[in-house]
Amino acid sequence: MDKVARLQLFYKRLQAEPPASTHDDAYALLCQILNAVEYEHSGVPNNPDNWENDGRLYPPQKDMAREVPGFPGLIRYRNLGHNTYIASNGAIEIEMVGTNNLVVFTKPGADGKGIRK
């Protein structure tokens with residue numbers, strides 16, 4: 001399955017899950033689902049050290065987490081080609097870089113509120 005199809009499957013599965021109520025729960029859910037999709041459909045072993053060359057999709061890395069100035073409780077993870085935002089209420093938003101920040105995925109937290117940037 002190509003990357004685009006795997007991403008679409010990831011978004012579909014992530015959207016189908018109950019909303020998270022905390023940042024940590026949302027981060028864990030995102031990682032679990034993306035790793036499962038890649039395990040099932042990429043054919044590439046999980047080796048984060050080879051992320052630039054292996055064609056596998058990897059979850060956001062904690063060393064790429066940054067607070068968003070002016071938005072308490074919102075963390076931005078910089079990835080190749082996109083930013084993943086996770087709020088303290090468990091809301092998730094993914095935007096593409098270089099496309100005027102086109103949002104490609106959004107999921108509110110358990111309180112029903114989305115990302116406020």
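This passage describes the overall fold of the protein chain and then the sheet, its hairpins and the helices that lie across it.

In the predicted model, the protein chain contains 2 helices and 5 strands. Their succession along the sequence is α-α-β-β-β-β-β. The radius of gyration is 14 Å, close to the 13 Å given by the globule rule for 117 residues, and the chain is therefore as compact as a globular protein of that length. The C-alpha trace spans about 40 × 25 × 25 Å along its principal axes. Of the 117 residues, 38% count as buried. The chain exposes about 6,900 Å², of which carbon and sulfur atoms supply 53%. Where contacts join residues at least 6 apart in sequence, 42% of them link residues at least 24 apart.

The 5 strands form an open sheet in the order S1-S2-S3-S4-S5, with antiparallel pairing. Strand S1 (65-67) and strand S5 (103-107) stand at the edges; each has a single partner strand, so one side of each is left without a neighbour in the sheet. On average, neighbouring strands of this sheet are turned by 20 degrees against each other, direction ignored.

The pairing of the strands can be followed residue by residue at one end of this order. Strand S1 is joined to strand S2 (residues 74-79) by 3 bridges, and the two run antiparallel. Ala-65 has Tyr-77 in S2 as its bridge partner, while Glu-67 is partnered by Ile-75 in S2. These two strands form a hairpin with 6 residues between them. Within its turn, Gly-70 has a positive phi of about 85 degrees.

Strand S2 also pairs with S3 in the antiparallel sense, here over 6 bridges. The bridge partner of Arg-78 in S3 is Asn-83. In the hairpin of S2 and S3, 2 residues lie between the strands. Gly-81 in this hairpin takes a positive phi near 85 degrees. A glycine with positive phi is thus found in the hairpin of S1 and S2 and in that of S2 and S3.

Both helices lie across strands of the sheet. Helix H1 (residues 3-16) lies across strand S4 (92-96) and S5, and runs at about 20 degrees to S5. Helix H2 (residues 23-41) lies across S2, strand S3 (82-87) and S4, and its direction makes an angle of about 140 degrees with S3. Strand S4 is accordingly among the strands crossed by H1 and among those crossed by H2.

Methods: Residues are numbered from 1 along each chain as its sequence is written. This is a predicted model: local features need pLDDT of at least 70, side-chain atom pairs count only at pLDDT 80 or more; totals for chains, interfaces and linings use all residues. Side-chain values use heavy atoms; hydrogens and water are left out. Two strands pair if DSSP finds at least two bridges between them. Helices (H or I, at least four residues) and strands (E, at least two) are DSSP runs, numbered from the N terminus. Axes are lines fitted to C-alpha atoms, for helices over the stretch in contact, and angles run from 0 to 180 degrees between N-to-C directions. Contact means heavy atoms within 4.5 Å. The radius of gyration is taken over C-alpha atoms; the globule rule is 2.2 Å times the number of residues to the power 0.38. Buried means under 20% relative accessible area, exposed over 50%, partly exposed in between (1.4 Å probe, protein chains only). Accessible areas come from the Shrake-Rupley method with a 1.4 Å probe; for residues, only the protein chains shown count as cover.
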